[in-house]
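Q: Could we go through this structure together, so that I learn how to read its features one by one?

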Amino acid sequence: MTTNHSPPASPPADGTIFATRRAAFLQAMAAASPSAIAVLPAAPVSLRNGDVDHEYRQDSDFYYLTGFDEPESVVVLDAPAKKVTLFVRARDRDREVWDGPRAGVAGAIEHFGANEAFAVNELDEKLPELLQNHARVYYRLGGRRFDERLLDAIDRVRARQRTGVTAPSEIVEPGSILHEMRLRKSRDEIDQMRAAARITREAHELAMQRARPGMREYEVEALLIDTFRRRGSERPAYGSIVGSGPNACVLHYRKNDRSIQSGDLLLIDAGCEYGYYASDVTRTFPVGRDFSAEQQAVYELVLEAQCEGIAATRPGTTLDAIHKRCVEVVSRGLARLGLLAGDVSQIIEQQQYKRFFMHRTSHWLGMDVHDVGAYFENGSARKLQQGMVLTVEPGIYIAPDDESVPPQWRGIGVRIEDDVAVTGAGHEVLTAGIPKTVDEVRRACG
């Protein structure tokens, strides 16, 4: 067989970022429990069919701390010793012919900041030695199909207790520390998200320019993916939603195969991932002709709510307060348009607006499109702080078979979404510039 002379897998662009994160995580673990240790396995490879795997994407927590994107890996972080141990696939020229270059044990130390490294087939032998004399293990039970190996290693430490070693007595979710770290983005992370936003902006603008009656939704999706990849994005951040006409009323529409008709609204919810950071953007625009009066009325109402929600985003407020403001605007507008009847306060109190606006306005955004981090603290909605990034995405969806409204309103679905970073003074819209006023959309659609 031909051997592979490719160099080892390339290290991350700036290893100091990952070293800084590891140091902060180790310090936080030690503060919580002086004899703590963390065990984080890589994302498993997932079989698609036959001998074909799904596209591999590293676990976000694992990558956040290591910058290492190879499967079959485990990182162990020892708080008292301030030591990082990586278990990785050994270099194998025959396998690298098929799967590409590997960093190997030497590369894990030289390029990825490990204090020591071993081939992953040594894990079951070495892990009990690493765990002994640590009271607490930070590990996510049920997370990565690794439970049995970890529990077996702990049992093997217990079996040695007559020799004077002690076994861990606690297993604690690492997200209690790690996800709080990930929730507040650094300057470098915000820069990555700005880069993702720039690529996503280009993709949405191209879709507005190119979408035409008679195209299939998947043709527009192909334009998005092509732009993502040409501009250096590794992958879409999530499955793209390209819903035309009545499909715009399906919140998580995925089929993307309808033929777009003249006069349809086309709702595109799509964002790229860049450097393991996501963007998440929705725009809605007419195809083939201008907005109808009813489409424009709904669109302008959603836009008003979204602008109010963005304006409310600042340190000290909450996602609940942002959602409440959007609900107020949408409820008042639906009453004004005659789509809901009664006093606005009653519409809100009885949640009548949920017939047309049934989802929340915001979620955290970061390495995952629905990113980690608690939404509540001590039973109350947590206050926003500088470095948090969220979406603001109100919408109105009038089902095509809703006979309680006049026919001209049926089948109108509109959502507008941007990515917003909380700053010291207020906020920054990372996805600013993607057309969204009525005049901007008209110009973009030509």
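A: Let us begin with one residue: arginine 231 is partly exposed, its relative accessible area being 44%. Please keep in mind throughout that this is a predicted model.

Q: Why does arginine 231 count as partly exposed?

A: The general idea is that a residue is called buried under 20% relative accessible area and exposed over 50%, with partly exposed in between. Arginine 231 has a value of 44%, and therefore it belongs to the partly exposed group.

Q: With which residue does arginine 231 form a salt bridge?

A: A salt bridge pairs a side-chain nitrogen of Lys or Arg with a carboxyl oxygen of Asp or Glu within 4 Å. Here the partner of arginine 231 is glutamate 202, and the closest N and O atoms of the two are 3.0 Å apart. Glutamate 202 sits in helix α8, which covers residues 187–210, whereas arginine 231 sits in the loop between α9 (217–230) and β9 (235–236), so the salt bridge ties together parts that are 29 residues apart in sequence. Glutamate 202 is also partly exposed, with 28% relative accessibility.

Q: How many salt bridges does the structure hold?

A: There are 36 salt bridges in the structure. One of them joins aspartate 368 to arginine 57, with 4.0 Å between the closest N and O atoms. This pair links distant parts of the chain, since aspartate 368 is in the loop between α12 (344–349) and β15 (376–377), while arginine 57 is in the loop between β3 and α2, 311 residues apart. Both residues are partly exposed, aspartate 368 at 23% relative accessibility and arginine 57 at 22%.

Q: Which residues are joined into one network by salt bridges that share partners?

A: The network is made of Glu55, Arg57, Asp61, Arg182, Lys185, Arg235, Glu273, Asp368 and Asp371.

Q: Where in the chain are arginine 149 and aspartate 124, which also form a salt bridge?

A: Arginine 149 and aspartate 124 have their closest N and O atoms 3.1 Å apart. Arginine 149 belongs to helix α6 (residues 147–158) and aspartate 124 to helix α5, so that the pair links distant parts of the chain, 25 residues apart. Arginine 149 is partly exposed at 34% relative accessible area, and aspartate 124 is partly exposed as well, at 37%.

Q: Is glutamine 58 buried or exposed?

A: Glutamine 58 is buried, because its relative accessibility is 1% and the cut-off for buried is under 20%. Glutamine 58 lies in the loop between β3 (52–53) and α2 (60–66), and its side chain makes a polar contact of 3.0 Å with the side chain of tyrosine 56. When its neighbours within four places in sequence are set aside, glutamine 58 is in contact with several residues, including Ala42, Phe68, Asp69 and Tyr276.

Q: What is the phi of asparagine 133, and what is the phi of asparagine 256?

A: Phi is a backbone angle that is read residue by residue. In asparagine 133 phi is positive, about 70°, although this residue is not a glycine. Asparagine 256 likewise has a positive phi, near 55°, and it is a residue other than glycine.

Q: Where are these two asparagines, and how is each classed by accessibility?

A: Asparagine 133 is in the loop between α5 (123–131) and β7 (136–138), and it counts as partly exposed at 41% relative accessibility. Asparagine 256 is in the loop between β10 (241–244) and β11 (265–270), but it is buried, with a relative accessible area of 1%.

Notes. Residues are numbered from 1 along each chain as its sequence is written. This is a predicted model: local features need pLDDT of at least 70, side-chain atom pairs count only at pLDDT 80 or more; totals for chains, interfaces and linings use all residues. Side-chain values use heavy atoms; hydrogens and water are left out. Helices (H or I, at least four residues) and strands (E, at least two) are DSSP runs, numbered from the N terminus. Buried means under 20% relative accessible area, exposed over 50%, partly exposed in between (1.4 Å probe, protein chains only). A polar contact is a pair of N or O atoms within 3.5 Å; within protein, one must be able to donate a hydrogen and the other to accept it, and residues adjacent in sequence count only if both atoms are side-chain atoms. Contact means heavy atoms within 4.5 Å.
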